[in-house]
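Here's a quick briefing to read with the model open beside you. It goes through the cores, then the chains and their domains, and ends with a helix pair and a loop residue.

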Amino acid sequence: MTAPVLPSRYRVAGRHDETHDTVTLDLRPVDQPIPVCQPGQFTMLYAFGIGEVPVSVSGTGPDAELAQTVRAVGAVTRALCAAGPGRLLGVRGPYGTHWDVASAAGGDLLIVAGGIGLAPLRGALVTALRHRDRHRRIVVLIGARTPAELVFARELAQWRRAGAEVEVTVDRPTDGWTGHVGVVTQLLGRADLDPAHTTALICGPEVMMRLTARDLLALGIPAHRIRISLERNMRCGVAECGHCQLGPLLLCRDGPVVSYEVAAPLLAIREL
Amino acid sequence: MTGPGTGVSQPSAGAGAELGGHAFLRGLPDSYLAVLAGTCRPTAVREGYRFFTEGDTASLFWLIRSGQVALDLDSPGRSLIVETLGKGDLLGLSWLVPPYEWQFGAVAVQDTTAFELDAAAVRAACDADPGLGYALLRRAMSAASSRLRAARIRMLDLYAAAGGPQDAP
Amino acid sequence: MNDAIRPGSTRLLAAAALDPLFTSLHGAGYTIIGPTVRDGAIVLDEVAAPSDLPFGWGVQLEPGGYRLRRRSDTAAFGHSAGPQSWKQFLHPPREKLWSARLADGTFEIGADQDEAPPRLAFFGVRPCDLRAIEIQDQVLGGGHGNSRYAARREGILIVAVNCTEPGETCFCASMGTGPQAGPGYDLALTELVTGDRHEFLVDVGTPAGASVLAGVPHTPASGTTLDGARTAVAGAAQRMGRSMPAAGLHELMAGSHDAARWNDVASRCLTCGNCTLACPTCFCTSVEDVTDLSGDHAERWQHWASCFDLDFSYLHGGPVRASEPSRYRQWLTHKLGTWHDQFGSSGCVGCGRCIVWCPVGIDITEEVAALQAEAQQRESGSTP
């Protein structure tokens, strides 16, 4: 009798509190590691006895390490966010489509992140910076709620040193903030983009992705070179439970990364 | 560097063409650009320079060419930043709307260059030529609409954790 | 009787030969599942002997209505659209996926399933249901997920039954799934009841079917009998009470997102999900993680779910599909439309169960006709 899909055990080797409710867990395999994860893909993370949630992979390491960034918003994610070093978690995956950073080679890579949307994009940025000469400009525009809720804040300097142009804007500044204040789309006009040679990767709340994509289209970037990361209720991750449907797409298999050319008509339908 | 607010316009040859390169005035006919060039001069300021304070008369306005300007409101013990503007943005909307008083303050948070225009002169030129007035109002409306959209989106607080998630509480 | 029975052969069985057929199946290690009368309906359950089959029982079907009735003959397969389909055996309503044990700061996960699944013979699979099994094979049988489905499916022997009498709510002919069984059966019966004669024409589909038939008394089928059987089945195709448009359902569904009809059907629909329970291809599931009181032992269970449930599409604080029209639209456009995009075929087999078992009698053939009319009006520019 062949086995069902069982989670692999991973140990929490380290954790970083990105914000008051968001944690990046550094996971090392205990059992056979899952296959190599591409930026944009996700795993199903299991907290013993509580449940599983889909979490984007925010980074990978040379020895099958996984970095996954989780926001505490419910029972499972609260348990994951409370996991300290040594704790065992279950991991299934990787599932889904990836950002396909390689396809942006030879041109400009634009990364637009809203809130925790930076987590699924981080892997794409790190990959692009690792092969810096494959791209012309690498422009990263980040929107955060407040300066304290900026994830991966500690890495921005390193990204800039590696050759990325990074601009951060906040919805609400706190005292001492000297950066941009406004929504992330307000940074697009100031970025001097070259639409004919730009591939854009967008991740954040669905409204933010729609508005950003629309502004990018208005600037002349074609829909097939704009990619977004979609989210729906996910249970199995293997295209068998039916929950993650968005029209013809099964997001665990045909997403989460979807070209805006495909996504735009679907997002326009209410309650799809 | 020349400071603003001296009230003396120094039109220069080619100023119209330079103005036409600014994102806010993109597509404006040359004849209108020439009129505006007559009320306009380039300016550059240091970080920390205050363009105007809430309540002041809006006698000038600016088209930002580089740098970053923060719109702010004063409050006892703290300064509140409403929004930051940068390259390509119009700085100042209240010069178009009576009683022509600034609703917010504006301060350079980086060294900033801009075109500075005389509000009263521009309004007079628009009264004299409604075509120019309409062209400018449409562009100002577009900027205002864009900022209103952004402000509404910020109010929605989309990055906040939504109550109750996929994994049931 | 000595010429080899092989795939493609046809033989004739007397009704009395069902006993040796059952014996042959039991002898080969199969547990036989077939229709049987219980609780005022014809349900699928283990049938120990041919006498458990619903000889002489028929059904009276209408939207939102199902009644057993006595037939004037003794046909065993003169009925359709029972409340269940074969999916309950291949894709159980509740199933434990795995269990995990917490000990010494670590936990172990195990599949817990050492026993081989029972060898089942599905006896009396209608052509629509045979196609439904094939559709679920496509959704659940392949790939990296459900090897449990594949393991259960592997051992199944299918004895199909061609239909000679469509039920009032059937529309398999227009969906291309019946009344003649398509490939995929091990044996296919066509029941012939006239006066005193009660016989079964048997088409052999596979070597497994041939081997089961080998020890069972049979005769060759005469040309007349053969023709009569084929004609009866073909005739059933002409007598369907309902139909779906032959082509264009995928496009119709894709173009109907804003149709006014959704509000109309939703005003009747209770979102009870009966249709998804009765439908032989609906496959959606949810999982549940449970622990015992000590918290040391955890289990993950999978159970049937319905897209009509409000929490099916729950995301960030609320369901994506909150309104009734959106949920009905999801079900129908998936079944008839996006199923093609996702799995390469239609999800509907024309069995009519959703029509029968809908408490308010919603008829998808009627809904599709209305959507089509609305689409045509939209195209021609006239106001509906």
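A nonpolar core here means a set of buried Ala, Val, Leu, Ile, Met, Phe, Trp, Tyr and Cys residues joined through C-beta atoms within 7 Å. A residue counts as buried if 20 or more other C-beta atoms lie within 10 Å of its own. Keep in mind that this is a predicted model. With that in hand, the largest nonpolar core has 130 residues, and the members touching the most others are A:Leu89, A:Ile111, B:Val69 and B:Leu91.

**Nonpolar cores**

- Helix α2 of chain A (residues 118-130) gives this core its largest share, seven residues.
- B:Val69 is a good place to start looking: leaving aside neighbours within four places in sequence, its contacts include B:Phe51, B:Ile64, B:Leu85 and B:Leu91. Also among them is a run from B:Ala106 through B:Val107 and B:Ala108 to B:Val109, along with B:Thr84 and B:Thr112.
- There's also a second, separate core of 102 residues, and its members include C:Leu13, C:Phe123, C:Cys348 and C:Cys354.

**Chain A overall**

- Chain A carries six helices and 15 strands.
- Its radius of gyration is 18 Å, close to the 19 Å that the globule rule gives for 272 residues, so chain A is as compact as a globular protein of that length.
- Along the principal axes, the C-alpha trace of chain A spans about 55 × 45 × 35 Å.
- Buried residues account for 57% of the 272 in chain A.
- Take the chain A contacts with a separation of 6 or more, and 70% of them join residues 24 or more positions apart.

**The two domains of chain A**

- The domain assignment splits chain A into domain 1 (8-95) and domain 2 (101-267), with C-alpha centres 21 Å apart.
- Where they meet, 18 residues of domain 1 of chain A are in contact with 19 residues of domain 2 of chain A.
- On the domain 1 side, β3 (42-47), β4 (51-60), β5 (66-71) and β6 (88-95) of chain A are the elements that give two or more residues. The largest share, six residues, comes from β4(A).
- That domain 1 side of chain A is made up of six nonpolar, nine polar and three charged residues.

**Chain C overall**

- Chain C has 13 helices and 16 strands.
- A compact globule of 384 residues would have a radius of gyration near 21 Å, and the 23 Å of chain C agrees with that.
- The C-alpha trace of chain C spans about 75 × 70 × 35 Å along its principal axes.
- Of the 384 residues in chain C, 47% are buried.
- Contacts between residues 24 or more positions apart make up 71% of those in chain C with a separation of 6 or more.

**The two domains of chain C**

- Here the domain assignment gives domain 1 (10-238) and domain 2 (249-380), and 26 Å separate their C-alpha centres.
- The contact between them brings together 39 residues of domain 1 of chain C and 33 residues of domain 2 of chain C.
- Four elements of chain C each supply at least two residues to the domain 1 side: β5 (65-70), β6 (94-103), α3 (127-141) and α5 (172-175).
- By class, that side of domain 1 of chain C has 20 nonpolar, 12 polar and seven charged residues.

**Where chain A meets chain C**

- Across this interface, 30 residues of chain A are in contact with 44 residues of chain C.
- The chain A side has 16 nonpolar, nine polar and five charged residues.

**A helix pair in chain C**

- The axes of α3(C) and α4(C) (residues 147-154) come within 9 Å and cross at roughly 145°.
- From α3(C), C:Asp137, C:Leu140 and C:Gly141 meet C:Tyr149, C:Ala150 and C:Arg153 in α4(C).
- Sorted by class, this contact has three nonpolar, one polar and two charged residues.

**A loop residue to look at**

- C:Ala246 sits in the loop between α7 (223-238) and α8 (249-254) of chain C.
- Is C:Ala246 buried or exposed? C:Ala246 is exposed, because just 9 other C-beta atoms lie within 10 Å, and a residue with 12 or fewer counts as exposed.
- C:Met175 is 71 residues from C:Ala246 along the chain, yet their C-alpha atoms are separated by 7.2 Å.

Conventions:
Residues numbered from 1 in each chain as written. Chains lettered and ligands numbered in written order. Predicted model: local features only at pLDDT ≥ 70, side-chain atom pairs only at ≥ 80, totals over all residues. Domains from an automatic or database assignment. Contact = placed C-beta atoms within 7 Å. Nonpolar A, V, L, I, M, F, W, Y, C, P; charged D, E, K, R; others polar. Rg over C-alpha atoms; globule rule 2.2 N^0.38 Å. Axes fitted to C-alpha atoms, helices over the stretch in contact; angles between N-to-C directions.
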